[in-house]
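Subject: Handover of a structure

Dear colleague,

Please find below the structure that I am passing on to you. My account of what was found in it follows directly after.

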Amino acid sequence: VGKKVQAIYLWWHKPVIDKELLQSLPNLKVIANSGVGMDHLDLKLVASFGVKMANAPRAVSSTTADTAMALLLASARRLVEVHNIAISPSIEYCEADILGVKVAGATLGIIGMGSIGYKIALRAKAFEMNILYHNRTRRNTQEEQAVGATYCKKMDSLLQQADFVMLVVSLTPQTHKLIGRRELELMKPTATLINISRGAVVDQEALAAALQTGVIQAAALDVTSPEPLPRDHPLLKLKNIIITPHLGIKTDKATYTITEEAVENILAALSGLPLPSEVLPS
């Protein structure tokens, strides 16, 4: 049926798009992705076959921002740790020395202020947080004022000031291991790292060492590299980390909306119209 296929809807990186598959689909016009991140695709290879590509940014931004704030709050109040204590068969009293971190008045540093990063800032403002952000391009003054965000031209400046550092960048050669040993050592010893972008944005071995030695206080990861981590990975043995299995967009409504957005892009491509969410190779 290869000659009949004109569109592919990628769900959770399946099917794998490689040269062999593209050669077998001579009439393929568009690939629509179920999410924002496109690092699983060789964009230049796909484009060389004359195939257009689209993602689903509108459908996922709010849901992913919710996940980011959930991780921030869960880490700040040590919810996983205290949940395990509360359901322990040997519990006799609630330990008074399990102290969390106050979120209101704390400083949130957002690295990557695209649509998801901005929605995180909107939520953080409601929690009375001070907001710093670092981005390739600065937001306009009106957008900054709407969320009370301050631009940091240098990422190092953000890392040194933030109580919570939130990673919301795309995975590219430039952002691979963006946060390593040097960056972690710039952070406050009381700071928390939260990653909702891609696992490879963080040097996970450096993170494990930083958490073990008190370089930073805690971490919360919705993404790892690989997913799932090997069962003997040092990050899985630590109490001061929360790891979730890439839940960012996983709600019933978001899943439905993602499919709607993908279909919208597919129908546009098949009709020779501009794609609402077209992604071009850089």
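I begin with the boundary between the two domains of this predicted model. Between domain 1 and domain 2, 1 residue pair is counted in polar contact, with both residues at pLDDT 80 or more. On the side of domain 1 that touches domain 2, the residues divide by class into 3 nonpolar, 3 polar and 1 charged.

The rule also finds 1 salt bridge across this interface. Asp39 and Arg198 form a salt bridge, and their closest N and O atoms are 2.9 Å apart.

As to the extent of the boundary, 7 residues of domain 1 are in contact with 4 residues of domain 2. The two domains bury about 540 Å² between them, and 63% of this area is on carbon and sulfur atoms. Within domain 1, the residues that lose the most area to domain 2 are Val36, Asp39 and Ala254, which together account for 57% of what that side buries. Asp39 thus appears twice in this account: among the residues of domain 1 that lose the most area, and in the salt bridge with Arg198.

For orientation, domain 1 is made up of two segments, 2-55 and 251-271, whereas domain 2 covers 60-243. The C-alpha centres of the two domains lie 31 Å apart.

Turning to the chain as a whole, there are 10 helices and 10 strands. The C-alpha trace spans about 65 × 50 × 35 Å along its principal axes. For 282 residues, a compact globule would have a radius of gyration near 19 Å, and the 21 Å of this chain agrees with that.

Finally, some details of the backbone deserve a place in this handover. Two peptide bonds that precede a proline are described here as cis. One joins Lys14 and Pro15, with omega at about 0°; Pro15 is placed in the loop between strand E1 (7-10) and helix H1 (19-23). The other runs from Glu227 to Pro228, with omega near -5°; Pro228 lies in the loop between strand E9 (218-221) and strand E10 (241-243).

A further backbone detail concerns Arg78, which is not a glycine and yet has a positive phi of about 55°. Arg78 is found in the loop between helix H3 (57-76) and helix H4 (79-86).

With kind regards

Conventions
Residues numbered from 1 in each chain as written. Predicted model: local features only at pLDDT ≥ 70, side-chain atom pairs only at ≥ 80, totals over all residues. Heavy atoms only, no water. Domains from an automatic or database assignment. Contact = heavy atoms within 4.5 Å. Buried area = accessible area lost by both parts, 1.4 Å probe. Salt bridge = Lys/Arg side-chain N within 4 Å of Asp/Glu carboxyl O. Polar contact = N/O pair within 3.5 Å; in protein donor to acceptor, adjacent residues only side chain to side chain. Nonpolar A, V, L, I, M, F, W, Y, C, P; charged D, E, K, R; others polar. Helix = DSSP H or I, 4+ residues; strand = E, 2+ residues; numbered from the N terminus. Rg over C-alpha atoms; globule rule 2.2 N^0.38 Å.
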